[in-house]
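Visitor: I'd like to understand how the labels on this model are earned. Could you walk me through a few of them?
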Amino acid sequence: MRALPPPWLGELARSHLGRRFAILILLFSSLVTLLSTAFQLALEYRRDVRDIAAQLGQVEASYAASLASSLWITSNNDLQLQLQGVMRLPDLQYAEVRSEVGQLVAKAGQPGAGAILSREFPLRFTHRGQAVYIGKVRLVASLDGVYRRLREKVIVILVTQTAKTFLVSLFILVLFQYLLGRHLKRIAAYSDRLFAGPAEDALALRRRGGAGDELDHMVAALNGMRARLDQTLRGLQESEFRWKFALEGAGDGVWDFDIPSGAVIYSPRWKEMLGYRDEELANHLDTYTTLCHPDDLRRAQVLLDANFAGLTDTYSIEQRMRCKDGSWKWVMARGMVVAKDAGGRALRMIGTHTDVSARRNAEDAVQTMLAQTEQARAALRAANAGMEAQVRERTAQLELANKELEAFSYSVSHDLRSPLRGIDGWSLALQEDYGERLDATGRQYLDRVRGESQRMGRLIDDMLHFSRLGRAAMTLREVDLTAMARQIAARIAEREPERAFVFDIEEGLAASGDCRLLEVALENLLQNAAKFSAGRAPARIAVGRAGAADAGAQPAARAFFVRDNGAGFDMLYAQKLFGVFQRLHKASEFPGSGIGLATVQRIVQRHGGAVWGEAAIGSGATFYFTLKDQP
């Protein structure tokens, strides 16, 4: 009678993990075998090729001299015999000797069509002490023998390695099943029984040796988990009875609803929240339906119907509950389904009531405040509408005043210019027709009359130009002040070619503003600098940008400046600089209308900036100005 095989050996064929493990080992071993075989064959191939190349080199070393002698004396028989001797070497396929002109002299063997390795070397003969090139030798070796030997080795290596790989994989598979697979199945079966029913005895594996290894650690962890699960189940059973009291301590009322019977257990805190004692309210669903606000009860019934039908497991609603004193209290009711029948319909729900009256009162107060805020906004919008109407009315009045001012300016320009032209014209006629009859004093008086009338014309022009500056529309863009200053300086130098000017204009000066107005301001400043430096040779005028502050009210800022080395002025009278027709020097010293700096101030102010001057008598003057949003 044969002995039965052990049970674990029968399980070997059914072990999917073991089969995958063996297949992976077999594949990996086969891959390693293929790679090692390929590497070994590559080494063998390289070695055989080196041996053949060395053999061809040895032929050159051994036969070169004798072949050269035979070729020199044109002994074809000797050449043929030597080539036949060379052909006796292994793997040699073909050999030939050619003369210096490439003519075939002797050959042995036949060149093949397969893989070959060839070598050529020259034949030289020493004649009268000189080496003379007389021909060459070509040797061809076949690599077919190398490939044949490699194929034989491949077959032997693959057969032996495959057999070894298969045996090793089978041994590892058997060893895996005996040492690990059967125990893993026992552990899995124990785990299934552990979670399917009540706890059983601790797990123990039947095996010899291996104490303290990974399997023992796994068994110990599983037994520890079983003990912790037993303890956790007991804790859950105890906590199920304590959670209601924990919620009570948090100030929430608890309810437990048995749906089929309609019984609802209300906690003492649930009843106390509404002002009742425990014995004053019955533990039934009718208590809830009686105390709930009718409007909220209809919404709650819709949610409960969804819970009863199994459509949702949670319940949440803010509702009003009537207190014992007749007032209404806002509560947040939350609940969840904790038991269902086989058809998925709810059997039991538990939940809480939380007093949210304070929050709802605060929300009502916020809503009242928002309503008041909206009323205030409406009043503000009405006030803004009234202000906009006033602004439109004032704008219309301002436009009318501007039109009247333009009409007045035109009238002044026309009505005053006409008498001035008459005075100047009649004075010129008097000078031309009766100038010889007047003495020197009379002619001087007549010149003064004409000069003053012409100066009055210029004052009228400047005044009209000054008045238009405040009404001119502005087009803001980036302005290159460096290029603008250089153009103005060139014009000044052209108008006064007899004077020596030195202009120092800083690079990279730029500003955001109206190009036309900024050119007017900069030209007034540069013309003033040129005018008041008339007594200097050369006149030095600088344009740049530096940190500066108005001694009056302006804080320190990066300001543009125009500086000269001219006559300067007394800072005690600096406040008069920017007034219309205000002068600090006599017209006989420095002619002008006295309106240039007032024009500069108006342009700078329209650009949101400020202008001021610093000077000392006889030491020149510096005028600074700033512009809003300077780059």
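Visitor: Which residue in β9 is the bridge partner of Met332?
Guide: Happy to start there: Thr354 is the partner of Met332. Keep in mind that this is a predicted model.

Visitor: What makes β8 and β9 a pair?
Guide: Pairing asks for at least two bridges between two strands. Strand β8 (residues 328–340) and strand β9 (residues 346–355) have 9 bridges, in the antiparallel sense, so by that cut-off they count as paired.

Visitor: Why are β6 and β7 said to stand at the edges?
Guide: The open sheet has 5 strands in the order β6-β5-β9-β8-β7, with antiparallel pairing. β6 (263–266) and β7 (314–322) each have a single partner strand, so each keeps one side without a neighbour in the sheet. On average, neighbouring strands here are turned by 25 degrees against each other, direction ignored.

Visitor: Which helix lies across β5, β7, β8 and β9?
Guide: That is α8 (residues 294–308), which runs at about 155 degrees to β7.

Visitor: How do α12 and α13 pack?
Guide: Helix α12 (residues 515–532) and helix α13 (residues 596–606) have axes 9 Å apart, at an angle of about 145 degrees. The crossing of α12 past α13 is left-handed.

Visitor: What makes up the contact of these two helices?
Guide: Contact means heavy atoms within 4.5 Å. Among the residues that meet are Leu517, Val520 and Leu525 in α12, and Leu597, Val600 and Ile603 in α13. The contact of α12 with α13 divides into 8 nonpolar, 4 polar and 1 charged residues. Arg606 of α13 takes part, and Arg counts as charged.

How values were computed:
Residues are numbered from 1 along each chain as its sequence is written. This is a predicted model: local features need pLDDT of at least 70, side-chain atom pairs count only at pLDDT 80 or more; totals for chains, interfaces and linings use all residues. Side-chain values use heavy atoms; hydrogens and water are left out. Axes are lines fitted to C-alpha atoms, for helices over the stretch in contact, and angles run from 0 to 180 degrees between N-to-C directions. Helices (H or I, at least four residues) and strands (E, at least two) are DSSP runs, numbered from the N terminus. A crossing is left-handed if the near helix is turned anticlockwise from the far one by less than a right angle, and right-handed if clockwise.
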